[in-house]
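Here are a few notes to read alongside the model. I have kept them short, so please follow along in your viewer.

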Amino acid sequence: MPKKRSGGGLSPTQQAAKFLGVSVLAGALMAGIALPAVGALGLAAKGSVESFDELPANMKTPPLSQRTTILDADGGQIATVYSRDRTVVDLKDISPYMQKAIVAIEDSRFYEHGAVDLKGVLRALNKNAQSGGVAEGASTLTQQYVKNVFVEEAGDDPTKVAQATQQTVGRKIVELKYAIQVEEELGKKKILENYLNITFFGQQAYGVEAASRRYFSKSAKDLNVQEAALLAGIVQSPSRYDPVNDEAEATKRRNVVLERMAQVGDISRAEADKAKKAPLGLKVSQPKNGCITAVKGAGFFCDYVREVFLNDPVFGKTREDRAKIWNQGGLTIRTTLDPQSQQAVQDSLSDHVKKNDSVAAAATLVEPGTGKILGMGQSKPYGYGKNETEINYSVDHGMGGSNFGFPTGSTFKPFVAAAALEQGKPPTQQYSSPYEMPYPDPVQTCDGKPWINQNGESVPNEDESEVGPYPLKEAMALSVNTYFVQMVADIGLCPVMNMLDGLHVVQGNGDKLPEVPAISLGSKGISPLTMATAYAAFASRGMYCTPVAIESITQKLGDKQTSLAVPKSTCSRAMSEKTADTINTLLRGVVDSGTGQEAGLTDRDSAGKTGTTDERRNAWFVGYTPNLSGAVWVGSATQEVKMVNITIGGVWHEKVYGGRVPGPIWRDAMAGALTGKDAGSFNLVDIPDPEKKEKDRDDDGDDDNGNGDENGNGNAIQGLIGGLTDGGTDTGGTVSPDPSFSIPEGWIEGADGGGNNGNGNGGNWP
């Protein structure tokens, strides 16, 4: 005996036979309605019993894409992102008026027929024959649902969308078979629920819940009769009946739905007439999608979270696999972002740099020992308008950052010192440190082939009074370039490269840094996140932890909620505790009495290093406390602005120094982030103070080769005019007094500044 469909009626096989056997009652006529030129002959050619039976037995039903919510570490919402704005709800959470309205206007006999409405087919055929065209369709709500599933599965691929919606006999046959299956397996109520959750209502709203909130700022369960009729009317043509852009046309369509509801007995004539007279009552909520909507300036962090998801294999083998999950949505992502730290970062940036300044600033805070990113912000807001940017200056290019990162200047020197200490050099190590010297050679490299100074490149200190010998403590405080060049020559380049590997320090484009002595001067571009994470290893007594932004992820697919694996920070020893403690002692001196005094914190141990690069195109402060590390960069993303005679944040600067602009940003951000938190203390080592040397200078030195001291108080010899600064290795720099008259740019050799390519040759930063 043939198998019966649940609830009575023909079995799928019987329905198929009836469909194919009675040409005028099912597929043939339906195909004729959709494609009058094809007619029944086209169906006969493509829709035989054999081809029908060869179709897959089960329709692949993709989970509905939904919005993803990104949360901070405390559970507060940062932003919502979605490929399609949709919130799936149960039928019980959809207004009865809405359920009746959609059935009345789209398929009034929905509860009376099976997958195919034969009466509807005949009625449509007759009407279309009279009109000479396609005046009325005959697809049931179930068939429409199946078509929407195909469209949903196609995603944003235009080719697949076109295939899912093409008006061909073959597609109609596939649609029909799956409609039969859906009717068999789901039943009417579930089909209606699914349809209301999948269909498009215009204004970026997918599903009735999103539509209700978009047009009326209320839940779908609270829709009244006229509101439900309006939404039901939109479905046929979301652009034509868009109430936001054409209220009159939308009103006419709403009233058609109300009339139909009265005709089928869903509402009384009086109710329909009253509802027709009511205004649309729109209370539109604008779409709030994407990282541009993030709170507390966290748009760049939000974008970084997305990049982590799309790049990390833990979320899928290929980027395409990961993108599919991301676009599917329904994710709740709890991140590491600390709201207090993020607010402090953004407040400090806003206080010190204006969004319309000619330069920008970026700051990132990382927790030592865990790698958690606690704060990330920029002075230019996340966006696409004037004085906005979607480029995240804090991260590498592969994660949405600038092409190459930014030259770091003297903030690189602690890495060289750490490598030397690991090689057994004492913290009292002295070098002759002349004012100017050729790069010493040969210098051993990792591959055994020594580096040779073939071009006779040389490096100077800040000014002629800066002549050694110097011990490490004083050389670090004064940023004595020749000291660190001699240190590299002494220990070789390989220990430095190994230290960089342990600290995961790479260029902003992901490449390893070049194995040349000029590396010690910070001439290559590195991202603030990389610098903050590397310095965090000093704070955690030598343990490096990879940065992480995500704590946990759950995904809701239908009624099922699952947890996804997330990338974890991996920690490894980059240096001994003794080495880290020594660096901490050295860098504490920088903020206590050296070039970083304006960055020092008064209520807790802090350490750090200033840096300013070639022609003052970049200024840095990277520092830390025992429980927080942070990096601040100030400069032009295009590397075209020389920060001299410049106004930043409403304050005029004759020359920008790492201790004067980035330093205070770092100080205020760290102070705000650490308010109310334990101070902690460093494990300091005893480094004997060097004998005082008489110098004709006003302060503790400079991070800039040839641009005055880091606090802006250079003596009579201010250094290289337009030439080498800290982080460059230009061979063309010339020492000259700071003149009171103007010298044309380029008049002095080296005015175009070098060192950007790390080998003493000039280079521009894109």
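1. Let's begin with the hairpin made by strands E1 and E2, which has five residues between the two strands. In its turn, Gly75 has a positive phi of about 90°. Please bear in mind that this is a predicted model.

2. How do the two strands of the hairpin pair? E1 (residues 68-71) and E2 (residues 77-81) are antiparallel, with four bridges between them. If you would like one pair to look up, Leu71 has Gln77 of E2 as its bridge partner.

3. E1 also pairs with strand E3 (residues 331-335), this time in the parallel sense and through three bridges. Leu71 is a handy landmark here too, as it stands opposite Arg334 in E3.

4. Now for the side chains of E1. In a regular strand, side chains alternate between the two faces of the sheet. On one side of E1 you will find Thr68 and Ile70, and on the other Thr69 and Leu71; all of these are buried, so both faces are covered.

5. Next, a look at Thr142, which lies in helix H7 (residues 141-154). Is Thr142 buried or exposed? Thr142 counts as buried because its relative accessibility is 0%, and the cut-off for buried is under 20%.

6. What does Thr142 touch? Neighbours within four places in sequence aside, Thr142 is in contact with Phe110, Ala179, Val182, Glu183 and Ile191. With Glu183 there is also a polar contact, side chain to side chain, at 2.6 Å.

Terms used:
Residues numbered from 1 in each chain as written. Predicted model: local features only at pLDDT ≥ 70, side-chain atom pairs only at ≥ 80, totals over all residues. Heavy atoms only, no water. Buried < 20%, exposed > 50% of the residue type's maximum accessible area, 1.4 Å probe, protein only. Polar contact = N/O pair within 3.5 Å; in protein donor to acceptor, adjacent residues only side chain to side chain. Contact = heavy atoms within 4.5 Å. Pairing = 2+ DSSP bridges.
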